[in-house]
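Student: Could we go through this structure together, one question at a time, and reason each answer out?

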Amino acid sequence: MHATRPGIPGPAGPAEPTPLPQPRRHVRPTRPVVTELRLSAFKSHRGAAFRLGPVTLFAGASGSGKSSALQAYEALALLGAGASLAGAFPDPVACVPERAEADAQGRRGFRIGCTVDGPAGPVRLDLAVQAEPELRVVGERLTGGDGRTLLTTALRDPGRRTVQAEWHTAGSVPVTRGPLPGDRLGTALLPLRVAGKTEGQRRVLAAAEQVVVALRSVFPCDPQPQRMRAPVAVGEGRLRRGCDNLAEVLHRTRTGCPRRHARLAAVARAGCAGQVRDLGVEELADGTVRAVLGRGADGGGTPVGRLGEGELRYLALALVLLTGPGVLAMDRAAEVPDAMQTLTVLADGFDRALDRRQTRELAALAGQICAEGHMRLVGTVGETGAGAARGRAGVTVVDLSP
């Protein structure tokens with residue numbers, strides 16, 4: 001058979017016409033994931049929408065709004081887990097857009113939202129919050145991928161502590177109405193209010209549960225090197241937000257998951273100064289443990305308490321990436337199997353105190369881990385860190401301009 005270029009006749013006769021490019025089909029994730037963060041009016045952001053991939057790093061100069069994006073994401077996560085507005089926004093007035101003027105009643109607020117993709121298709125959640133004169137929900141909207149409004153709430157009577165909610169029902173009664181607390185996320189309360197008897201109700205439940213599962217599967221991480229140097233007692237072995245119990249968790253992973261621990265040791269060799277043979281744990285006489293970098297064949301080691309801040313943060317972040325919900329101290333959706341959840345790590349200052357090599361190694365590790373689909377990372381980096389992370393497979397750097 002003679003090969004023929006498209007559109008040019010050959011020995012076998014006229015060639016087949018050049019096929020038209022086919023549009024990319026949207027493949028729904030099997031696990032709920034947040035694919036977009038919207039900051040419609042939040043701090044320095046107005047009308048901003050950010051697509052989120054497996055690894056998303058916000059970069060920009062100081063004051064460009066990197067940390068604000070992560071703060072909004074974490075607040076949504078807290079609300080999805082059932083927290084009150086006061087718990088999610090300790091300083092709500094600081095969240096009001098700069099130079100925003102109050103209305104005739106002295107009210108000011110902010111608006112945030114996200115899109116969660118998953119088995120129920122893309123679902124949008126948008127939330128409007130009043131910060132002054134008192135903190136409360138002004139309105140909330142949950143929208144399906146076809147544009148149908150599944151839930152909407154509105155503040156009808158400022159004198160009451162509730163909002164008026166309407167959710168899609170279908171059937172003989174297309175909409176159900178009822179009050180919901182004015183200081184909670186209505187979407188998180190729907191599974192307790194909707195019976196799921198009609199097709200419309202089941203659709204609302206599927207969308208709400210998808211959003212809640214994605215938002216609850218979050219671990220905010222901010223390693224604190226000054227608290228990681230001292231030996232720690234052995235407990236349940238769940239890594240805390242500040243990673244101050246690093247040695248305790250290493251003690252658990254070394255005995256419970258040797259393959260994962262060996263991978264962590266390889267990461268330590270790539271990012272720590274000098275020769276590193278292993279990452280071990282010493283049990284001390286008082287019952288506490290401390291982590292040790294094994295040096296050389298003679299078995300000598302360096303307690304991690306002697307390492308610099310960059311090396312400690314590097315080890316802590318690598319440990320987070322190489323573990324999972326069962327090891328991290330987080331509010332898991334225990335009623336949902338791990339196979340149906342995707343953990344999202346929030347790391348503000350992902351490259352803080354790290355050198356370029358360490359940032360590059362961590363970004364590459366994050367890209368590899370998150371490509372497997374059970375974990376995602378959203379973080380912030382400085383200009384140097386952004387340069388080190390760019391070009392890593394699976395890593396998206398979002399540049400913010402002040």
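Student: Against which elements do the buried residues of α7 pack?
Tutor: The model is a predicted one, and in it the buried residues of α7 have both helices and strands as packing partners. The helices are α5 (246–256), α6 (258–271) and α8 (356–370). Together with the strands, the full set is β10 (218–220), α5, α6, β15 (343–347), α8 and β16 (375–381).

Student: How many residues of α7 are buried?
Tutor: Helix α7 covers residues 309–321, which makes 13 residues, and its span of 18 Å from first C-alpha to last is close to the 18 Å expected. Buried here means under 20% relative accessible area, and the residues that meet this in α7 include Gly310, Glu311, Arg313 and Tyr314. The helix is thus described as mostly covered, and the number of its residues that are buried is twelve.

Student: Which strands form the edges of the open sheet of eight strands?
Tutor: The order in this sheet is β2-β1-β4-β5-β6-β7-β8-β9, with antiparallel pairing. An edge strand pairs on one side only, and this holds for β2 (45–51) and β9 (175–181).

Student: Which residue in β2 stands opposite Arg38?
Tutor: Strand β1, residues 33–42, runs antiparallel to β2 and is joined to it by six bridges. Opposite Arg38 in β2 stands Ala49.

Student: At about what angle does helix α3 run to β9?
Tutor: Helix α3, residues 186–193, lies across β5, β6, β7, β8 and β9. Neighbouring strands of the sheet are turned by 15° against each other on average, direction ignored. For α3 and β9, the angle is about 115°.

Methods: Residues numbered from 1 in each chain as written. Predicted model: local features only at pLDDT ≥ 70, side-chain atom pairs only at ≥ 80, totals over all residues. Heavy atoms only, no water. Pairing = 2+ DSSP bridges. Helix = DSSP H or I, 4+ residues; strand = E, 2+ residues; numbered from the N terminus. Axes fitted to C-alpha atoms, helices over the stretch in contact; angles between N-to-C directions. Contact = heavy atoms within 4.5 Å. Expected span 1.5 Å × (residues − 1). Buried < 20%, exposed > 50% of the residue type's maximum accessible area, 1.4 Å probe, protein only.
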